[in-house]
Amino acid sequence: MQYRAMNRGGVVLALGAALLVAGCERGPNLADVVEEQAERLNFVWAGAGGAGMGIHPEVRAATYRDVISSLQRGIERAGGRNEAVTASARTLVAQASIGEAELSVQTMSRGSLAAVQRLSEVTSELNRALSDRALAAGLRAYDPSEDLAELEDAAGAVRVGLRDHRGRLEERRAALESAEAQRQSLMASAREVRVRATEVRDQVGQREGMSRAETITEAVRIGREADAIEKQAAEKGFEIERLIREIGESEADISSGERRLTMIEQAQQQIREKVESARAQSRLMTEEVERSSARARDGLKDVLDIIEERVTPAYEEARGAYQRAIQQARQAGRAGGGSANAALASAEHSLASLAEQYVVLGEVVREIGTEIANLQRFEGAMRSRFDAFVRSVEEAASLRDQSFGSAAEVLSRIGGSEQLERVIERLRERAGTPMPATHDDGMDGMTEPESWDDPGEDPGDYEDDEWDGFSG
């Protein structure tokens, strides 16, 4: 049954995708526009969430833009003559804007990933420079005995770290072997069940009446059993991929530790042979610090390039779309009912989460950039770019706190379950605002919405499990 549904979905997609971005307004009435655009949004949301019904992001983006434009034209033509229908239209604009924002969030996330990957290389250079600087300082000391003692402590720490990394590597390799065996076993079981399902389906033509229906039911049941086993195998595959990544990390840690240990032992030998040789080595390492610092600084420039060209534009697009959704949901007011309130809370919380994502990346870049600047002072354009980014991160942090607080305010007007109250309290904690004694403003008195589903694809995991549970 699921397989057939997916095929039907594929047919619907093939027939409907070309029409998504070419919607027509059925008539001059705003109610007609609302009905038409609601159908298009429902098609996009169903396609984004259904198995086998994926709709290309560019098609969804064009659809969201067209829906928003059509609704806004309809609102302008209506001139506010029907408050309820206008509120419905604004609520749809808010929901479409949220969907549009989520597409930009995905773009931002991909850019953030690229920035983090480059940042990891920068961190390696920075750590190398910091380690070399510390070692060079030790080598410059007049009394070599103190330096030797410090180096031995450092070598001991590296050896302890290597022992831990090697133990962890063996554990991960054993876990990988076990997971692979389990996955192979699950796949074999799935194939066997598929064969049974095929055999039962082949018997359908030989049955009549109730026996035929029972045979079909049994075939479907066996097919679902195979689906479940294949799902377990796929989940085991995700575990295998994670273990492979972790094994690579362990091997890299070991390689890095071995290189570091070799450097320490070489430095110890040099110090033992001659203090003057240690001073010469100190000079060499200081030069290496300069080179590592320069590489780290150049890498930070690359990170800023990625942020300026990919992350920040997508962040600003998503922020603008969320803010448009917030504006439209607020303008819908009480006439928008629970749907407007739901869209408003969703947009406020999503905007806060977006800003938080930007802040998390920004704080890491700021911390690493500050350490690099301590090694090699930023000048000119580099200083201006870095400072501008730091200011944008501070602005995003303020937006995050404000939006978390606003989301809590909207939810507090809804009221209801203890679960929702816990969500509100946690949002207020994140916003740094206390729980108010009363809630009273222009959108109070609304009922709890039936659904909190976000319209965009892959909106991201909320930090609060209880918010996830409330979101339907």
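Begin by selecting Glu-125, Arg-128, Glu-288, Arg-291 and Arg-295, which are linked to one another in a network of salt bridges. Keep in mind throughout the tour that the model on your screen is predicted. Side chains of opposite charge can pair when their charged atoms come close. The structure holds 28 salt bridges, and a few of them are worth visiting later.

**The whole chain**

Now show the whole protein as a cartoon, where you will find eleven helices and zero strands, so that you can locate each later stop by its helix, numbered from the N terminus. Of the 472 residues of the protein, 42% count as buried, and the protein exposes about 24,500 Å², of which carbon and sulfur atoms supply 49%. If you consider the contacts between residues at least 6 apart in sequence, 80% of them join residues at least 24 apart.

**The largest nonpolar core**

Next, select Ile-307, Tyr-315, Tyr-322, Leu-354, Tyr-358, Val-365 and Ile-372, which are the residues with the most contacts inside the largest nonpolar core, a group of 60 residues. The elements that give two or more residues to this core are helix H4 (83–139), helix H7 (275–332), helix H8 (337–375), helix H9 (380–414) and helix H10 (418–431). Apart from this core lies another one, of 18 residues, and you can find it by selecting Tyr-64, Ile-68, Val-85 and Val-93, which are among its members.

**A cluster of rings around Tyr-358**

Return to Tyr-358 and display its surroundings: leaving aside residues up to four places away in sequence, Tyr-358 touches Met-108, Ile-307, Val-311, Thr-312, Tyr-315, Phe-389, Ser-392, Val-393 and Ala-396. How buried is Tyr-358? Its relative accessibility is 1%, and because buried means under 20%, Tyr-358 counts as buried.

The structure holds three aromatic pairs. A pair of aromatic rings is described by the distance of the centres and the angle of the planes. Select Tyr-315 together with Tyr-358, and you will see a stacked pair with 4.2 Å centre to centre and 15° between the planes. Tyr-315 belongs to helix H7 and Tyr-358 to helix H8, so this pair ties together parts that are 43 residues apart in sequence.

Then add Phe-389, which forms an edge-to-face pair with Tyr-358, at 5.9 Å centre to centre and 70° between the planes. Because Tyr-358 lies in helix H8 and Phe-389 in helix H9, this pair ties together parts that are 31 residues apart in sequence. Phe-389 is buried as well, with a relative accessible area of 7%, and ring pairs link Tyr-315, Tyr-358 and Phe-389 into a cluster.

**Three salt bridges between helices**

Select Arg-324 and Glu-100, whose side chains meet in a salt bridge of 2.3 Å, N to O. Arg-324 sits in helix H7 and Glu-100 in helix H4, and the two residues are 224 apart in sequence. Which of these is buried and which partly exposed? Glu-100 is buried, with a relative accessible area of 16%, whereas Arg-324 is partly exposed, at 23%.

Move on to Asp-66 and Arg-40, whose side chains meet in a salt bridge of 2.7 Å, N to O. This pair links helix H3 (residues 57–78), which holds Asp-66, with helix H2 (residues 30–49), which holds Arg-40.

Finish at Glu-265 and Arg-159, a salt bridge in which the closest N and O atoms are 3.3 Å apart. Glu-265 is in helix H6 (residues 209–273) and Arg-159 in helix H5 (residues 144–202), so the pair ties together parts that are 106 residues apart in sequence.

How values were computed: Residues numbered from 1 in each chain as written. Heavy atoms only, no water. Core = buried A, V, L, I, M, F, W, Y, C linked by side-chain atoms within 4.5 Å. Buried < 20%, exposed > 50% of the residue type's maximum accessible area, 1.4 Å probe, protein only. Helix = DSSP H or I, 4+ residues; strand = E, 2+ residues; numbered from the N terminus. Contact = heavy atoms within 4.5 Å. Phe/Tyr/Trp six-rings, centres within 6.5 Å; stacked < 30°, edge-to-face > 60°. Areas by Shrake-Rupley, 256 points an atom, 1.4 Å probe, with all protein chains shown as cover. Salt bridge = Lys/Arg side-chain N within 4 Å of Asp/Glu carboxyl O.
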